[in-house]
Amino acid sequence: MISYENDIFRLDTAATSYWMQVTKYGHLLHLHYGQRLPADQSPAALIHKRTALLGSSVIYMPSNNLPPDNTYCLDNLCLEWSGIGKGDYRHTPAEILMPDGTYTADFIYQSHRIMNGCVPISTLPSAYCLENMKCQTLEITLLDESNQVKLFMYYTVFYDTDVISRRVVLENQNPASLSIRKLMSMSLDLADDNFSLVTFDGGWIKEGHRHERRLSPGIHVNSSTTGESSNRHNPGFLLAAANSSEQQGNVYGFNLIYSGNHYSAVELSGHDLVRIQTGINPYCFEWKLTAGERFETPEAFMSFSDRGYNGLSHNFHNFINHHIVRGDWQGKERPILINSWEAYFFRFTQAKLLRLAKRAKRVGIELFVLDDGWFGKRNDDKAGLGDYTVNKKKFHRGLAYFARRIVKMGLSFGLWFEPEMVNEDSDLFRNHPEYALRTPNKTAALGRNQLVLDLTNSAVRDYIVKNVTDILDTMPISYIKWDFNRHLSDACSPQMNAENGRFFHMYVLGLYDILNRIFVPRPQILLETCSSGGNRFDAGMLCYSPQIWTSDNTDPIERLMIQGGLSYLYPPATMGAHVSEAPHQQTLRATPLSTRFNVAAFGCLGYEMDFKYLSRVERKEISEQIAFYKLHRRLLQYGDFYRGEKTKDNKVVWNIVDKNQKKAICGLFQTLTHASEGFDRLRIIGLKPKNKYRLTTKPQSLFIRRFGGLVKHILPFTVNPEGWFLRTIGKYFCLSDCVEEYSAYGSVLAEGVLLNNQFVGSHYNEKTRLLGDFGSSLYLAEGE
């Protein structure tokens, strides 16, 4: 996997190669990252040539008594790392006030080690490798000799997933101190291939939307300054060569195992070199190192695929499922849950909750989650956060009694917490106002009527750990939803001793400390983190939380963009996806119950609604949805996920294939209908071309109320479409959508099956697909 010969490092995964060279002056020169190369391939064909001196070049002058080379200009080399002050004027991965009082840094190769497995980070979560997995780590030691500052560069090869991780450790061996202003986890220079940059951006209720732009000269930045990885810009991003598509083309992917302020930059130089870097955001960052101290950066990971965006996603999905998610829930099927929030918000009683649980159990749900409002004076969002005393008006016999009642029904019990926050109207704040983040002599900024607790303070961390674990250890809890409902502000703390450039990073370290102390000793508890939805959807949180609440927006049409965007980086088993009531609280859009399920099925399924107000046919439909999901849960959570190519502006196609390619489920989603639309072609990719499959539509119901006044045209008498008669009929009867069945080889399914006509304004019959606005169908392909 990793070899070194004649100054060449060769890092090979199953399908990719990453090669670099130590130059005669000791810099690391990047040679190749892409398709796997034969071991005997000469590096001469790969080296970025420098046979002519470019104008305005500043020539590197070595300090190792070697003669200078008039064509050796760091600004025009493909480098693995660079610094300041030696002629490279591109975006630097490191800005360090060195012990000599300058920013000049020239890190030169000293030595290297090749080790089996991973080298864990002592202060941060990182990827792991079990004994039966093929992983190797390369440690390269660089030295700025005049300052006696060392830079350790780590490359870990995760062979089977075609992923390579990178990070650095800076060590000060000088008696004088230094100050880090910026230190990226990785820097990499590639020759441009007409790249486009793809990022995943948005905000609350619109996370993870895919945006693509062609690289142009200059620096393109993807970053967060909110204190967490943020819903504004996910830390993961892609670089795609010209004409790449879901199924073909060269695509690179980069991500960061970190939950705080991140910073990624892609720079296209004037001579067609692309510099990529990612790491901790230098925004408000400063970290001093005294003699002997070290600083560890978060671990970045990257992958390459010549099979388009889907191939790159498969690499990332496999890596996260096998090297990021850990513990008892690694690879384990996730339970189907009911969450109380959208049913009741804060206005619930124990009796209401028990009735909801009974109805949920009847339709097949497995886990009951009690959301916000169970503690303190938490009857709205203005009070109670920070307190853990159970609200006796709502639970007069205590929360443990209620949890046992839920478990006795045959359901598991889950509970919502927001431990990082505090309301001013709380016992905690009245007793310990110093626990909250506040700027001296300024009024603290509020978000959702709450302040943020100072996780850099060990007393605060101890308070959270004690109160959360006291609850976990005194009742039968198998699931926790951990929320975080605002961005950081007033980012300072007395704990920093006036060195508040350390604050943002120390906050994240404090969070990881809390999560380690609570959940590592309790691996049986399924943790789902949330931050106003997907505000902290990152690989750092996935090291603790096997699934993350993807968005507070449960509108399936919006979820096509949210889950679809995040699917480029993260697998379905990490995405919380719920079916809720419609019209949706976030958009006022009314969508069919079938589409709500069909989208949520490509994730960790849950429901948020009061079953009391559903009709008999709606409850029956939900029962059938859950039965279908249980039957195919392994496939839907852990199969290979494919996004279909965009062939129509109003269609989205997802399909997921099991690992042995014997079964697939495909979702065809229509956003807005077009009048008298032409045919639809359903392509199912990823199956074995020469195997034969039976393709069938998943049956689903069409509720009478959706047709409104059109119903009178098929009845022999006139009725009020809003009247008692049709409302009553609609509670007990419904129509069935069109079901199609085909037998076809995998090659034919990949080419595409021509489906029955949609409704085109006339001639309805049982063979007509009735999609309309926001309609959808699932199709199941099984080997014959």
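**Notes on salt bridges, cores and cavities**

1. Let's start with one arginine: R769 has a relative accessibility of 3% and counts as buried. The cut-off for that word is under 20% relative accessible area, so 3% qualifies easily enough to call R769 buried. Keep in mind as you read that this is a predicted model.

2. What does R769 pair with? It forms a salt bridge with D680, and the closest N and O atoms are 2.8 Å apart. R769 sits in the loop between β39 (753–754) and β40 (776–783), while D680 sits in the loop between β33 and β34, so this pair ties together parts that are 89 residues apart in sequence. D680 is buried too, with a relative accessible area of 2%.

3. Now look at T768, which is found in the loop between β39 and β40 as well. Its relative accessibility is 7%, so T768 counts as buried. If you skip residues up to four places away in sequence, T768 touches D737, C738, N757, Q758, F759 and H763.

4. Next comes K648, which forms a salt bridge with E677; here the closest N and O atoms are 3.0 Å apart. The loop between β31 (640–643) and β32 (651–657) holds K648, and the loop between β33 (663–670) and β34 (681–682) holds E677, so the pair ties together parts 29 residues apart in sequence. Are these two buried or exposed? K648 is partly exposed at 22% relative accessibility, whereas E677 is buried, with a relative accessible area of 11%.

5. These pairs belong to something bigger than a pair: K648, K651, E677, D680, E740 and R769 are linked in a network of salt bridges. As background, side chains of opposite charge can pair when their charged atoms come close. How many salt bridges does the structure hold? The count is 37.

6. Another one worth finding on your screen is R275 with D88, where the closest N and O atoms are 2.8 Å apart. It links distant parts of the chain: R275 is in strand β17 (residues 273–280), and D88 is in the loop between β4 (28–35) and β5 (94–97), 187 residues away. R275 is buried at 2% relative accessible area, and D88 is buried at 7%.

7. On to the nonpolar side. The largest nonpolar core has 187 residues, and those with the most contacts inside it are F368, L370, F413, Y607 and F611. Helix α7 (residues 503–519) gives the most to this core, namely eleven residues. Leaving out neighbours within four places in sequence, F368 is in contact with ten or so names you can look up, including I338, L353, F402, L411 and F413. Apart from this core lies another, of 18 residues, among them A664, V753, L755 and Y779.

8. Finally, the empty spaces. There are seven cavities of 30 Å³ or more, and the largest holds about 120 Å³ of space. Of the 13 residues lining it, H27, W81, S82, G83 and F107 are the closest to its centre. Its lining has seven nonpolar, three polar and three charged residues.

9. The second largest cavity holds about 60 Å³. Which strand gives the largest share of its lining? That is β9, with three residues; β8 (149–158) and β9 (163–172) each supply at least two. Its lining includes C118, Y154, R166 and E299, and by class has five nonpolar, four polar and three charged residues.

How values were computed: Residues are numbered from 1 along each chain as its sequence is written. This is a predicted model: local features need pLDDT of at least 70, side-chain atom pairs count only at pLDDT 80 or more; totals for chains, interfaces and linings use all residues. Side-chain values use heavy atoms; hydrogens and water are left out. A salt bridge is a side-chain nitrogen of Lys or Arg within 4 Å of a carboxyl oxygen of Asp or Glu. Helices (H or I, at least four residues) and strands (E, at least two) are DSSP runs, numbered from the N terminus. Buried means under 20% relative accessible area, exposed over 50%, partly exposed in between (1.4 Å probe, protein chains only). A nonpolar core is a set of buried Ala, Val, Leu, Ile, Met, Phe, Trp, Tyr and Cys residues joined through side-chain atoms within 4.5 Å. Contact means heavy atoms within 4.5 Å. On a 1 Å grid over the protein atoms alone, a cavity is a set of points where a 1.4 Å probe fits but cannot get out, and a pocket is an open set with protein on both sides within 12 Å along at least five of seven lines; lining residues have an atom within 4 Å of a point. Grid points are joined across faces, edges and corners, and a volume is the space filled by probe spheres set on the points. Ala, Val, Leu, Ile, Met, Phe, Trp, Tyr, Cys and Pro count as nonpolar, Asp, Glu, Lys and Arg as charged, and the others, Gly among them, as polar.
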